2 protein chains.
Amino acid sequence: MVGLEKLFAECREVTDKALDELIPLSETEPKKLHEAIRWSIFAGGKRFRPMLVLAVGRIFGAEDKQLWRTAAAVEMIHTYSLIHDDLPAMDDDDLRRGRQTCHVKFDEATAILAGDCLQALAFQTIAEDESLAHSVRVKLISEIARAEGTPLGMVAGQYFDLEAEGQSISIQQLERIHHSKTGAMITVSAQAGAIIANASASDFQAITDYSVKLGLLFQITDDLLDITQPTEVLGKTAGKDLVAEKATYPSLYGLEEAQKLAEKVHAEACQELDKIEKDTEILRLLVDFILHRKA
Amino acid sequence: MVGLEKLFAECREVTDKALDELIPLSETEPKKLHEAIRWSIFAGGKRFRPMLVLAVGRIFGAEDKQLWRTAAAVEMIHTYSLIHDDLPAMDDDDLRRGRQTCHVKFDEATAILAGDCLQALAFQTIAEDESLAHSVRVKLISEIARAEGTPLGMVAGQYFDLEAEGQSISIQQLERIHHSKTGAMITVSAQAGAIIANASASDFQAITDYSVKLGLLFQITDDLLDITQPTEVLGKTAGKDLVAEKATYPSLYGLEEAQKLAEKVHAEACQELDKIEKDTEILRLLVDFILHRKA
């Protein structure tokens with residue numbers, strides 16, 4: 001597990017440095033808007049999506065200088081979605097990553113606009129990344145916009161999720177929610193590394209299939225943690241799925257079956273890695289880590 | 001004025017057809033989200049920004065098939081900003097273009113997500129525009145993201161505007177608000193036409209300076225209309241700047257001086273057009289129209 005911990009620490013450093021460079025300083029007008037953006041993006045996130053960009057890109061031979069801006073861009077999009085999802089009209093959450101959410105620390109208008117800016121800055125960052133060919137930048141923007149928007153991306157998933165609250169839904173519907181809400185951005189982060197490194201079509205497919213499984217595993221374990229761990233450990237409000245009567249893997253499958261499903265998905269992810277003739281050990285450690293994580 | 005009316009009608013048709021093609025249908029899941037997007041984007045807007053893309057692009061020799069997707073993209077960004085600006089936490093407006101605003105017709109969560117999707121779709125549309133070279137798409141995305149975001153774009157301007165409510169501000173501050181809030185997207189729409197048509201550096205500069213004046217003229221007349229026209233004519237709540245104690249050109253200059261300033265800015269815009277050795281008559285008619293508009 002040493003290799004993975006090292007990678008996580010290194011990716012946090014690379015990503016945080018990139019974000020600090022790319023996001024306007026709090027001294028730049030409008031100051032409070034930039035302060036709010038920085039409050040949310042430097043809240044101690046795991047930098048899971050940037051790590052996928054970096055890990056996959058390196059496996060297929062990309063240099064770090066080609067990867068860090070895209071890594072920062074996917075984190076900007078992830079953070080904008082958290083800021084908007086936490087708003088009173090949406091999930092109405094006061095706590096995120098162990099501290100006040102953006103609209104609580106600042107106000108709702110600031111939170112809405114901070115999210116909007118982060119989305120624009122993400123696409124600007126990739127469009128202006130001179131380490132990448134124009135065709136690569138265009139491909140990345142297209143894929144990330146699709147993974148983020150509608151009808152198949154993260155925002156559509158958030159919408160499905162809101163619609164499903166308090167409703168009885170099927171396993172198929174639950175999978176559609178997560179495939180779009182969390183899966184799409186996880187998958188595109190891994191794909192982005194492969195796109196930048198110009199991976200072969202078959203490697204790109206294996207990375208895609210691996211990351212779909214990874215996203216699913218991430219969601220199942222997220223649902224499990226929500227009911228098995230307290231707020232202090234999670235750094236966000238525990239048990240909120242139960243309160244909101246949200247359908248989750250444990251609520252549909254039961255706790256034990258949901259745990260078994262996580263193990264099955266973990267094994268399938270590993271099978272995808274076997275198809276790649278490169279050193280993918282770090283991606284194997286990653287699914288091990290997600291399966292066994294405690295927060 | 002016949003040429004301009006014809007152009008407006010034609011641009012509305014081209015833009016609406018493009019938007020209809022590019023935005024997921026209301027029958028596509030999540031249906032209510034797409035219905036909300038379509039509610040706001042097909043609300044009878046003037047398609048002023050798309051018209052600039054088309055008019056400028058044509059002047060410098062671009063073909064319509066190279067222009068219509070970018071024209072639709074700038075309208076998507078404009079509409080997303082209207083949806084978010086109308087939210088209760090922001091300008092709290094119930095009426096827009098003569099009909100219920102998105103969060104009134106649907107709900108706040110839907111309005112927030114509809115805006116988010118439209119922004120993603122705008123960048124996706126340009127990234128996937130196969131009529132344009134990759135380098136042109138990248139340039140457009142970079143410029144539009146800057147014009148839209150922070151610290152110099154539309155969202156920063158909206159933030160300055162919210163901060164200024166009820167405050168006494170200087171003419172310089174008022175100009176900064178409008179230069180970013182409405183000016184930046186108007187300017188980038190004109191620039192986009194010039195970028196697609198590969199206009200010369202000096203023509204690009206003249207178009208930029210013209211459109212900065214055009215944006216300023218648009219804002220001054222907008223402020224004038226807010227106090228001189230009733231709600232029925234405007235299609236949005238009249239007198240709301242007064243109610244919100246917003247600083248406007250008439251409130252800082254007085255009605256008569258604001259009118260004179262509009263005429264001065266109109267003349268300066270025309271001087272920029274004189275520098276361009278192409279038929280720019282339509283852009284001259286456009287500033288005439290803005291100066292004399294009644295809604």
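Here is a walk through the structure, from the way its two chains pair up down to a few backbone oddities.

What you have is a predicted model, in which local features need pLDDT of at least 70 and side-chain atom pairs count only at pLDDT 80 or more, while totals for chains, interfaces and linings use all residues. Residues are numbered from 1 along each chain as its sequence is written, and chains are lettered from A and ligands numbered from 1 in the order in which they are written.

Start with the symmetry. A turn of 180° and a shift of 0.0 Å along the axis lay chain B on chain A with an RMSD of 0.0 Å (a least-squares fit on the C-alpha atoms of residues with pLDDT of at least 70 in both copies). The two copies are therefore related as by a two-fold rotation axis. Both copies use the same surface, with 100% of the contact residues of chain B recurring in chain A; contact here is two C-beta atoms, placed from the backbone, within 7 Å. In chain B, the residue that comes closest to the rotation axis is His134(B), its C-alpha at 2.7 Å.

Now for the contact itself. Each side brings residues to it: 42 from chain B and 42 from chain A. On the chain B side, the elements giving two or more residues are α2 (31–41), α6 (108–127), α7 (134–148) and α8 (154–164), with α6(B) giving the most, 12 residues. Helices here are DSSP runs of H or I with at least four residues, strands are E runs of at least two, and both are numbered from the N terminus. By class, that side of chain B has 23 nonpolar, 11 polar and eight charged residues. Nonpolar takes in Ala, Val, Leu, Ile, Met, Phe, Trp, Tyr, Cys and Pro, charged means Asp, Glu, Lys and Arg, and the others, Gly among them, are polar.

Ile141(B) is a good residue to click on next. Leaving out residues up to four places away in sequence, Ile141(B) touches residues of both chains, including Phe123(A), Ile141(A) and Ile126(B).

Over to α14 and α15 of chain B. Helix α14(B) (residues 255–274) packs against α15(B) at an angle of about 175°, with axes 10 Å apart; axes are lines fitted to C-alpha atoms over the stretch in contact, and angles run from 0 to 180 degrees between N-to-C directions. So α14(B) is roughly antiparallel to α15(B), a label for angles over 145 degrees, with under 35 being roughly parallel, 65 to 115 roughly perpendicular and the rest oblique. The residues of this contact divide into seven nonpolar, one polar and two charged.

Leu283(B) sits in α15(B), which spans residues 281–292. Leu283(B) counts as buried because 25 other C-beta atoms lie within 10 Å; the cut-off is 20 or more for buried, 12 or fewer for exposed, and partly exposed in between, with C-beta atoms placed from the backbone. Beyond its neighbours within four places in sequence, Leu283(B) contacts Ala55(B), Tyr210(B) and Leu273(B).

Finally, the backbone oddities. Most residues other than glycine have a negative phi, and most peptide bonds are trans. Arg47(A) has a positive phi, near 60°, and lies in the loop between α2 (31–41) and α3 (48–59) of chain A. Asn198(B) also has a positive phi, near 55°. A cis peptide bond joins Thr150(A) to Pro151(A), with omega about 10°, and the bond from Glu29(B) to Pro30(B) is cis with omega near -5°.
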